[in-house]
Amino acid sequence: MYNLLPYQILDGKKNMEIDANILDYSIESESAPILRLYGWDKPTLTLGRNQPLDSVGVEYCQNNNIDVLRRITGGRAVLHHLEITYSFVCKADFLEKGSTVISSYKEISEALIVGLDLLGIKLSFPEYKKVSVDKGFCMALSTGSDLNYNGKKIIGSAQYRKNNYILQHGSILIDIDDLLHKAIFEDYYDKNTITSLTEINPNIDYYKNLPCFLKKGFESKFNDEFTYNAELAEMLGLC
């Protein structure tokens, strides 16, 4: 039996702190895997762990009440808006191929594929490409750690490892604010390279239904139930 935390919509700083705290808790307690699904209370830009602060439209964000935060994970900048974010923490050897980064990305992402397939949305892995994280927009380029729909990126993920534990989290695009993305990412943004769940099928209430189907996807992939852990939720301030 694995751990599930409640779906909540929080501010960006709190979301990033909780993900980091889950990783530290897992290491200290040698916890079973923990799944968390969450939303953002307003548009928030996060930069990858090693991404320069001046690599994207930080000034625009600061002038327009958009929080700019740095993630514990690597990768390029992400605008968290009109999405559901997943976070999964486990010991590296919990995974069949946890010793290698790309293989572990894919193994965890297979749970997302199963969950979206239950909604009739079939995702696939793109061809692996090594890219620079110095500049740019995460969703502008698909790598081996991401998921596509008909050749367009729809889920971007990032990973961080510490003491043989893995934190992987990522953005699942429910919809896309085209004008806001263009304002922040300028020439890095190409709407023709990404898609959203609403564009694929606008008849589903994803904010209501997606968390349940993602949970089922993780349970199917890892062959056990993810059960709400009230004690852990209280410790993390999620009650």
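Of the 239 residues in this protein, 52% are buried. I begin with that figure because the cut-off for burial is a relative accessible area under 20%, and I shall refer to burial and exposure again for individual residues. Please note that what we are looking at is a predicted model.

Let me turn to the overall form. The protein contains 7 helices and 11 strands. Its C-alpha atoms fill a box of roughly 45 × 35 × 35 Å along the principal axes. The radius of gyration is 17 Å, and since a compact globule of 239 residues would be expected near 18 Å, the value agrees with such a globule. The contacts add to this picture: taking those between residues at least 6 apart in sequence, 72% join residues that are at least 24 apart. As for the outside, the accessible surface comes to about 10900 Å², and carbon and sulfur atoms account for 47% of it.

Next, the interior space. How many cavities of 30 Å³ or more does a search of the whole structure find? The search gives 1. The largest cavity holds about 100 Å³ of space. It is lined by 13 residues, and those closest to its centre are Arg-71, His-80, His-169, Gly-170 and Ser-171. Strand S6 (78-80), strand S9 (152-162) and strand S10 (165-173) are the elements that each give two or more residues to this lining. By residue class, the lining of the largest cavity divides into 5 nonpolar, 7 polar and 1 charged.

I now move to single positions, starting with Ile-121. This residue sits in the loop between helix H3 (101-117) and strand S8 (147-149). Is Ile-121 buried or exposed? With a relative accessible area of 2%, Ile-121 is buried, because the limit for that class is under 20%. Which residues does Ile-121 touch, once its neighbours within four places in sequence are left aside? The contacts are Leu-116, Tyr-149, Leu-197, Ile-200 and Tyr-206. One of these, Ile-200, is 79 residues away in sequence, yet the C-alpha atoms of Ile-121 and Ile-200 are 7.9 Å apart in space.

Pro-6 offers another loop position, between strand S1 (2-4) and strand S2 (8-10). Beyond its neighbours within four places in sequence, Pro-6 is in contact with Leu-37, Tyr-228, Ala-233 and Leu-238. The C-alpha atoms of Pro-6 and Arg-36 are separated by 6.9 Å, with their positions 30 residues apart along the chain.

Finally, two asparagines deserve attention for their backbone geometry. Asn-65 is not a glycine, but it has a positive phi of about 60°. Asn-65 is found in the loop between helix H2 (58-63) and strand S5 (67-70). Its relative accessibility is 59%, so Asn-65 counts as exposed. Asn-223 likewise has a positive phi, near 55°, in a residue other than glycine. Where does Asn-223 lie? Its place is in the loop between helix H6 (206-222) and strand S11 (226-228). Asn-223 has a relative accessibility of 69% and therefore counts as exposed.

To close, I would set two loop residues side by side: Ile-121 is buried at 2%, whereas Asn-223 is exposed at 69%. Thank you for your attention.

Conventions:
Residues numbered from 1 in each chain as written. Predicted model: local features only at pLDDT ≥ 70, side-chain atom pairs only at ≥ 80, totals over all residues. Heavy atoms only, no water. 1 Å grid on protein atoms, 1.4 Å probe; cavity = no way out; pocket = protein on both sides within 12 Å on 5 of 7 lines; lining within 4 Å. Points joined across faces, edges and corners; volume = space filled by probe spheres on them. Helix = DSSP H or I, 4+ residues; strand = E, 2+ residues; numbered from the N terminus. Nonpolar A, V, L, I, M, F, W, Y, C, P; charged D, E, K, R; others polar. Rg over C-alpha atoms; globule rule 2.2 N^0.38 Å. Buried < 20%, exposed > 50% of the residue type's maximum accessible area, 1.4 Å probe, protein only. Contact = heavy atoms within 4.5 Å. Areas by Shrake-Rupley, 256 points an atom, 1.4 Å probe, with all protein chains shown as cover.
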